[in-house]
Amino acid sequence: MKIGSTEHRDTFCRHFMQTYTPYDPTTLPWPELDAAALQRLKSVPFWEEVFYTERRAGAIVKAFTDTVSDPVLKQAIELQGFEEARHAELIRVMIDKYGIDAAERPLEDVSDNIETRFKDFGFGECMDSFLGFGVFKIAMQSEFLPREMFAIFETLMYEETRHIVFFVNWMAYSQARKGFLARVALPLTSFRYYMRALGRLAGTARRGAAVNDGKEFSATQASVFLDGFTFRRFLEDCYSENRRRMGGFDPELLRPSFLPQLAETALSAMRLWSFRKPAPA
Ligand SMILES: [Fe+2]
Ligand SMILES: [Fe+2]
């Protein structure tokens with residue numbers, strides 16, 4: 001299948017439309033939490049940020065949809081916008097149900113440079129999802145919350161995986177349609193967007209650390225998560241979870257490759273390093 005062909009467009013859009021899951025956030029099987037689990041849920045320091053990010057995602061994707069003229073792409077991107085808005089709704093329902101302290105910050109205006117915003121958002125999702133896969137696995141293994149809660153978040157994770165697969169295909173398709181130069185420049189263009197995403201992620205982490213100052217996510221809560229945590233294990237989890245989740249997608253589709261490749265290189269280097277390191281005396 002030629003990237004940029006009508007067949008390519010139809011394949012990634014059809015796949016996206018066919019894998020849609022209908023659900024209503026208000027009627028999901030939200031579990032009753034005991035005091036300890038409720039405390040752990042409330043102690044997570046980033047619900048306000050997640051709530052804001054999902055609302056902003058819905059607004060960006062919706063605004064971008066209005067600028068797309070190709071009816072096949074438009075229908076798929078519109079569905080993504082709907083799903084992002086539903087993620088925000090899901091987080092809102094959770095905040096209300098469990099009494100989580102997370103304010104609804106006013107949304108920024110997202111109307112200008114909407115295509116660049118959509119791309120920034122897409123590459124940001126690729127980065128967040130790759131790291132999120134690892135965090136999700138560690139949280140689940142450590143039974144940070146009851147299984148029923150993870151089952152709800154699993155739906156959300158699956159949708160984000162669909163979003164990034166759709167996005168990298170849309171990106172390659174649109175670049176290919178712009179001509180030879182845009183097509184060969186795609187790796188470089190992607191790299192530039194990934195660096196921007198990394199910059200924003202670092203900014204968010206800094207702001208988060210300043211706001212929370214380690215107070216809310218207390219040492220006890222964090223230790224549930226972080227017992228035995230090493231960067232290498234985290235990277236291994238991100239990498240293997242990415243592989244597992246991507247394995248469920250049609251092999252004809254492109255999938256995000258930058259971060260998995262980077263992680264693979266880093267992990268090989270770490271393995272080599274620990275192999276060469278002399279054993280402690
Ligand atoms: Fe989302
Ligand atoms: Fe998404």
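This report walks through the aromatic contacts, helix α5, two loop residues, and the empty spaces of a predicted model.

## Aromatic pairs

Let's start with the rings. The count of aromatic pairs comes to 19. One of them joins Phe12 and Phe166, an edge-to-face pair with 5.4 Å from centre to centre and 65 degrees between the planes. This pair ties together distant parts of the chain, since Phe12 belongs to helix α1 (residues 6-18) and Phe166 to helix α6 (residues 147-178), 154 residues apart. Both Phe12 and Phe166 are buried.

Phe46 and Trp47 make another pair to look at. Their ring centres are 5.9 Å apart and their planes meet at 65 degrees; because edge-to-face means an angle over 60 degrees, the pair of Phe46 and Trp47 is edge-to-face. What is the relative accessible area of each partner? Phe46 has 44% and is partly exposed, while Trp47 has 9% and is buried.

## A cluster and two charges over rings

Some rings gather in a group. One aromatic cluster is formed by Phe64, Phe118, Phe123, Phe167, Trp170, Phe191, Tyr193, Tyr194 and Phe258. Two members of this cluster will come up again below: Tyr194 in the lining of the largest cavity, and Phe258 in that of the second largest pocket.

Arginines also meet aromatic rings in this model. Arg40 places its charged end over the ring of Phe144, 5.9 Å from the ring centre. Likewise, the charged end of Arg55 sits over the ring of Phe51, at 5.1 Å from its centre.

## Helix α5 and the residues on either side

Helix α5 spans residues 114-141. With 28 residues, α5 reaches 39 Å from its first C-alpha to its last, close to the 40 Å expected at 1.5 Å a residue. Of those 28 residues, 20 are buried, so α5 is largely enclosed by the rest of the structure.

Which residues in the loops beside α5 have a positive phi without being glycine? Asn113 has a phi of about 45 degrees, and Glu143 one of about 50 degrees. Asn113 lies in the loop between α4 (71-98) and α5, and Glu143 in the loop between α5 and α6. Asn113 is exposed, with a relative accessible area of 58%. Glu143, at 61% relative accessibility, also counts as exposed.

## The second largest pocket

Now for the open spaces. The second largest pocket has a volume of about 390 Å³. It is lined by 15 residues, and those closest to its centre are Leu186, Pro187, Ser190, Ser257 and Phe258. The elements that each contribute two or more lining residues are α6, α8 (186-212) and α11 (258-276).

Which element gives the most to the lining of this pocket? It is α8, with five residues. By type, the lining residues of the second largest pocket divide into 11 nonpolar, three polar and one charged.

Another residue of α11 worth finding on the model is Leu262. Leu262 is partly exposed, at 47% relative accessibility. Leu262 and Glu84 are 178 residues apart in sequence, and their C-alpha atoms are 28 Å apart in space.

## Two enclosed cavities

How many cavities of 30 Å³ or more does a search of the whole structure find? There are two. The largest cavity holds about 50 Å³ of space, and its lining is made of Cys126, Phe130, Phe133, Ile164, Tyr194, Asn242, Pro256, Leu259 and Pro260. Both α5 and α11 supply at least two of these residues, with α5 giving the most, three residues. Eight of the lining residues of the largest cavity are nonpolar, one is polar and none is charged.

The second largest cavity contains about 30 Å³ of space. Around it are Phe12, His15, Phe16, Arg162, Val165, Phe166, Asn169 and Leu253, and the elements giving two or more of them are α1 and α6. The largest share, four residues, comes from α6. This lining divides into five nonpolar residues, two polar and one charged. Phe12 and Phe166 are both part of the lining, so here we return to the edge-to-face pair that opened the report.

Technical notes:
Residues numbered from 1 in each chain as written. Chains lettered and ligands numbered in written order. Predicted model: local features only at pLDDT ≥ 70, side-chain atom pairs only at ≥ 80, totals over all residues. Heavy atoms only, no water. Phe/Tyr/Trp six-rings, centres within 6.5 Å; stacked < 30°, edge-to-face > 60°. Buried < 20%, exposed > 50% of the residue type's maximum accessible area, 1.4 Å probe, protein only. Lys NZ or Arg CZ within 6 Å of the ring centre and 35° of its normal. 1 Å grid on protein atoms, 1.4 Å probe; cavity = no way out; pocket = protein on both sides within 12 Å on 5 of 7 lines; lining within 4 Å. Points joined across faces, edges and corners; volume = space filled by probe spheres on them. Nonpolar A, V, L, I, M, F, W, Y, C, P; charged D, E, K, R; others polar. Expected span 1.5 Å × (residues − 1).
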